[in-house]
Number of protein chains: 2
Amino acid sequence: MSITIKDVAKAANVSVATVSRVLNKKTNVSDDAAEAVNRAVKELGYSPNFLGRDLRKSETRRILAIIASTEQSFYSEVLRGMEEAAAVKGYDVLIATTRDDPKHEMHLLGMLFSRSVDGAVLLGPKLDSETISRLGENHNIAMCLERLENCNVLTVTIDNVRAGKDAVNYLISKGRRRIGLITTKQRSQSSIDRELGYMQALEENGIPFDERLVFYGSYEAESGTKGCEALMKLPEKPDAIFSISDMIAIGAMNYALSTGIDIGKEVLFFGFDDIQYSHIFVPHLSTVRQPCFLQGKMVVEKLIENMKSETSDKSIYMLPHSLILRETTGD
Amino acid sequence: MSITIKDVAKAANVSVATVSRVLNKKTNVSDDAAEAVNRAVKELGYSPNFLGRDLRKSETRRILAIIASTEQSFYSEVLRGMEEAAAVKGYDVLIATTRDDPKHEMHLLGMLFSRSVDGAVLLGPKLDSETISRLGENHNIAMCLERLENCNVLTVTIDNVRAGKDAVNYLISKGRRRIGLITTKQRSQSSIDRELGYMQALEENGIPFDERLVFYGSYEAESGTKGCEALMKLPEKPDAIFSISDMIAIGAMNYALSTGIDIGKEVLFFGFDDIQYSHIFVPHLSTVRQPCFLQGKMVVEKLIENMKSETSDKSIYMLPHSLILRETTGD
DNA sequence: CCCTCCGCCGAAAACGTTTGCACAAAAATT
DNA sequence: AATTTTTGTGCAAACGTTTTCGGCGGAGGG
């Protein structure tokens, strides 16, 4: 059916071993033979069957990135980082989506168990910490962006507690004392940590926590709109709102805009993620920027290191974030 | 090193053939043997090496989706369609990004040539039509969303000419006669077709074409802003603007908003794609919606059909689009 | 009682590579 | 000139599966 290395060998009048050697740029092969092989390859339009190769070498030089969906736009930058780091080491990055289904996430990890890829990095896993820990013992798994409590797996992320605290502290430094929080019902670790940061900032500044100021919704923009409405209808309105994601913040601002609130003066808004739209949407949103590219790069570098060595680094690396100050905080 | 089918066979006291049979749910195996094998599999934590399997069966049951980047948010829906159709047939979908680099796109297609995947779908390819046509002769390639002129490859897309015409016709039906067009310098076929639709609509309604009303920029929102500014500074301002993408339209509206133009009355805006943000951004954008999910579903269905049969369907399928009317056209 | 058939199973070939080993010829060293 | 080293090459094993083929034993029909 298909053209194999044997056909090339025959056409070039050499053995398959020799063909393999010139294809893999091994040194001990004569110029004549090499030329003959290359010509045959070109003539026949041969390209090697990686299933055979990978089986023999038992490595695929491929890494699988497992994400929830391609919708979260800031995954894009992380993936670029991953690809860059992978390319340096001669690896390819493949992407697959879990559709928020832990069962399907497990199915995708099957590619790892079945040696179809050499390693996998989880971005926002749906599986529980214990399961991932267990799988991580025998397979090359890493996590990125999102950490999991008690998960003994190589992780690259940011310090979400600190980041949340920094954002809220900034709002406080602008004289705000009544700060709303719009977060999610779904308890991802990053949400939890960012909320924790919010709490800490309040506490450190002697501002009493008021539970009426926190709204639990979903990750949709519409949920932010609802949250903002709820907060603004409080007897004592907030003078600033911290949302745990930019999408939510944009939704919240939509409510504010529609009711004529003077954003950046009357109420300050702070988001998280610095998605592309946060500087397209007017007014421009102040937000926390994650080093997306760097996280992706680092997680792949560390993962590949783990794959090559006997010992396995299971550390949690936290990369520095930064505050991006724009119009919604009056900057 | 790793646990193989041999180990399972030994543990279950049967031959590897039997193990393979129970793993593949073949009928002719006794209940006793099956049970023994299943127990052994569980005990040893065995999972089959797909490299071996795929090599033997010479199929991987995987399809590669090649996209420019994960940034374009409406890819997401297409991918879901692809995954759904693939799952039905027992295939997985992998995603890889070209980073807008034709050379890297070719590298990714190498996965197809090297039998690491059974088929590939190109979404917005960077390679030229001729190259893709040639590769399509010997490999299972399909295109989705974007068609290429003179490209003899299975394609699923929409009728962009017709869609552009419909959008502009709608603006005309609202009494507009001076309609601006914001498009891209980069000549993708969809842009060309949408422009063509714009022209046709004007012509059919006896509106003379005015080249000053068309602005050539990039795909960024900022470019839309610039385009809108340019159009609005014309001696005779447009009374409607059609942008070939929602991102551009949103950028354009940013300019309009900042200069106090009454969107939806003074100037109508029409976008294209119906991205997620087009109904979050206020005012809500009227736009052309593509059947993304359906395109993805169909392209995979057709591709798999091609893979199974000897003959190869190279048709272009055009799925119906629809107009979504919102605030920016006064609806 | 013999033959046939069927259910179940194992041996071995095959898929397409890479690579250790052996070996001849050529080159370099005595 | 005799020895050793180097260079280039081919043979064949190995990677982990699936699947064909044939064999064995027992059941059922004549």
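Ala, Val, Leu, Ile, Met, Phe, Trp, Tyr, Cys and Pro count here as nonpolar, Asp, Glu, Lys and Arg as charged, and the others, Gly among them, as polar. On that basis, the residues of the surface near DNA strand C in this predicted model divide into 9 nonpolar, 8 polar and 7 charged. The points below take up the surroundings of DNA strands C and D, then the cavities, and finally two buried sites within the protein chains.

**DNA strand C**

- DNA strand C is surrounded by 24 residues, of which Ser20(A), Tyr46(A), Arg56(A), Thr18(B) and Ser30(B) are the closest.
- Sugar or phosphate accounts for 64% of the atoms of DNA strand C that lie within 4 Å of the protein, and the rest belong to bases.
- Phosphate oxygens of DNA strand C are approached from both chains: one is 2.9 Å from a polar backbone atom of Asn49(A), and one lies 2.6 Å from a polar side-chain atom of Thr18(B).
- A base nitrogen of the strand is also placed 3.3 Å from an N or O atom in the side chain of Arg56(B).
- The elements that give two or more residues to this surface are helix H2 (16–23) and H4 of chain A together with helix H2 (16–23) and helix H4 (50–57) of chain B, and H4(A) gives the most, with 4 residues.

**DNA strand D**

- Around DNA strand D there are 26 residues, and Thr18(A), Arg21(A), Ser20(B), Tyr46(B) and Arg56(B) come nearest.
- Of the atoms of DNA strand D within 4 Å of the protein, 64% are part of sugar or phosphate, with the rest in bases.
- From chain A, a backbone N or O atom of Ser15(A) lies 2.8 Å from a phosphate oxygen of DNA strand D, and a polar side-chain atom of Thr18(A) lies 2.6 Å from a phosphate oxygen of the strand.
- From chain B, a polar backbone atom of Asn49(B) is 3.0 Å from a phosphate oxygen of DNA strand D.
- H2 and H4 of chain A, together with H2 and H4 of chain B, are the elements that give two or more residues to this surface, and H4(B) contributes the largest share, 5 residues.
- By class, the surface near DNA strand D has 10 nonpolar, 9 polar and 7 charged residues.

**Cavities**

- The whole structure contains 4 cavities of 30 Å³ or more, and the largest of them holds about 70 Å³ of space.
- The lining of the largest cavity includes Phe50(A), Asp54(A), Leu51(B) and Arg62(B), and helix H4 (residues 50–57) of chain A gives the most to it, with 3 residues.
- That lining divides into 7 nonpolar, 2 polar and 3 charged residues.
- The second largest cavity, with about 60 Å³ of space, has among its lining residues Thr70(A), Arg99(A), Ser76(B) and Glu83(B).
- Helix H5 (residues 75–88) of chain B gives the most to this second lining, with 4 residues, and the lining as a whole divides into 2 nonpolar, 4 polar and 3 charged residues.

**Buried sites**

- Thr328(A), in the segment after strand E12 (322–324) of chain A, counts as buried because its relative accessible area is 0%, and buried means under 20%.
- A polar atom of the side chain of Thr328(A) lies 2.8 Å from the backbone nitrogen of Ser286(A), and the residues that Thr328(A) touches include Met253(A), Ile263(A), Phe269(A) and Pro283(A).
- The buried residues of helix H7 (residues 129–138) of chain B, among them Thr131(B), Ile132(B) and Leu135(B), pack against helix H6 (102–113), strand E3 (119–123) and strand E4 (141–144) of chain B.

Note on methods. Residues numbered from 1 in each chain as written. Chains lettered and ligands numbered in written order. Predicted model: local features only at pLDDT ≥ 70, side-chain atom pairs only at ≥ 80, totals over all residues. Heavy atoms only, no water. 1 Å grid on protein atoms, 1.4 Å probe; cavity = no way out; pocket = protein on both sides within 12 Å on 5 of 7 lines; lining within 4 Å. Points joined across faces, edges and corners; volume = space filled by probe spheres on them. Buried < 20%, exposed > 50% of the residue type's maximum accessible area, 1.4 Å probe, protein only. Contact = heavy atoms within 4.5 Å. Near = heavy atom within 4 Å. Polar contact = N/O pair within 3.5 Å; in protein donor to acceptor, adjacent residues only side chain to side chain. Lists of a residue's contacts leave out its neighbours within four places in sequence.
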